[in-house]
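Let's take a walk through this fold, starting from a single side-chain contact and working outwards. Keep the structure open beside you as you read.

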Amino acid sequence: MSQIKLGVVALDCPDPRALANFYAEMLDWQVTGGDDEWIEIAGPAGRTLAFQAVADYRPPRWPGQEVPQQLHLDFDVARADIDEAERKVLALGAKLVQTDEQLREWRVYLDPAGHPFCLCLK
């Protein structure tokens, strides 16, 4: 077993509290504290996402690479729940930018700070 374990995944953004609230609501996780520079949310089994303030933040330009995405998050959703999950993320401020029209296995969104993420059928 490796001595190295993944800790937190942190997303750069202009407003950590707003983005933390977006993902906490989306995932039904809890904001666990922080300040204007760094906020974390916690979910099951010790999973954690963090949001870090960056001055002059520039969102990724997806799908273009003028400002590369560098990473994206995939969230698993049951096939029967995909439309409800989409309504939820859109109501929270996400923007739908692409669907997998051939396979209908995933949908790509931008969060309120412009980070791409996917709802993936599982």
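Start with E86 and R107, whose side chains are joined by a polar contact of 3.2 Å. Keep in mind that this is a predicted model, so every distance here is read off a prediction. E86 belongs to helix α2, which covers residues 82-91. Is E86 buried or exposed? Its relative accessibility is 17%, so E86 counts as buried, the limit for that label being under 20%. Leaving aside residues up to four places away in sequence, E86 touches L96, R107, Y109 and L119.

Those neighbours take us into the sheet. This one is open, has 4 strands in the order β5-β8-β7-β6, and its pairing is mixed. Which strands stand at the edges? They are β5 (73-77) and β6 (95-99); each has a single partner strand, so one side of each is left without a neighbour in the sheet. Going from one strand to the next, the twist averages 30°.

As a reminder, strands of a sheet pair through backbone hydrogen bonds, and they do so either parallel or antiparallel. Here, β5 pairs with β8 (residues 116-121) in the parallel sense, over 5 bridges. You can follow the register by eye: D76 stands opposite C120 in β8, and V77 stands opposite L121 in β8. Helix α1, made of residues 16-27, lies across β5 and β8 and runs at about 20° to β5.

On its other pairing, β8 is joined to β7 (residues 106-110) by 5 bridges, and these two strands run antiparallel. Y109, one of the residues that E86 touches, has F117 as its bridge partner in β8. The hairpin of β7 and β8 has 5 residues between the strands, and in that hairpin G114 takes a positive phi near 95°.

Now stay with β8 for a moment. How many of its residues are buried? The count is 6 of 6, so the strand is mostly covered. In a regular strand the side chains alternate between the two faces of the sheet. In β8, P116, C118 and C120 lie on one side, F117, L119 and L121 lie on the other, and all of them are buried, which leaves both faces covered.

Two of those residues, C118 and C120, are cysteines, and they invite an obvious check. Why is there no bond from C118 to C120? The sulfur of C118 has its closest cysteine sulfur in C120, 5.0 Å away, and that is too far for a bond, given that a disulfide needs the sulfur atoms within 2.5 Å. C120 is likewise in no disulfide, and the count for the model comes to 0. Both residues are tucked in: C118 counts as buried because its relative accessibility is 10%, and C120 counts as buried because its value is 12%.

C120 also gives us a way over to the loop between β5 and α2, where R79 is found. R79 and C120 are 41 residues apart in sequence, yet their C-alpha atoms are 8.7 Å apart in space. Not counting residues up to four places away in sequence, R79 touches R104, E105, L121 and K122. With E105 there is a polar contact between the side chains, at 3.2 Å. L121, also on that list, is the β8 residue that V77 stands opposite.

Finally, zoom out. The protein chain has 2 helices and 8 strands, and from the N terminus on its elements run β-α-β-β-β-β-α-β-β-β. Its radius of gyration is 15 Å, close to the 14 Å that the globule rule gives for 122 residues, so the chain is as compact as a globular protein of that length. The C-alpha atoms fill a box of roughly 40 × 35 × 35 Å along the principal axes. Across the 122 residues, 34% count as buried. Among contacts with a separation of 6 or more, 50% come from residues 24 or more positions apart.

Terms used: Residues numbered from 1 in each chain as written. Predicted model: local features only at pLDDT ≥ 70, side-chain atom pairs only at ≥ 80, totals over all residues. Heavy atoms only, no water. Buried < 20%, exposed > 50% of the residue type's maximum accessible area, 1.4 Å probe, protein only. Polar contact = N/O pair within 3.5 Å; in protein donor to acceptor, adjacent residues only side chain to side chain. Contact = heavy atoms within 4.5 Å. Pairing = 2+ DSSP bridges. Axes fitted to C-alpha atoms, helices over the stretch in contact; angles between N-to-C directions. Rg over C-alpha atoms; globule rule 2.2 N^0.38 Å.
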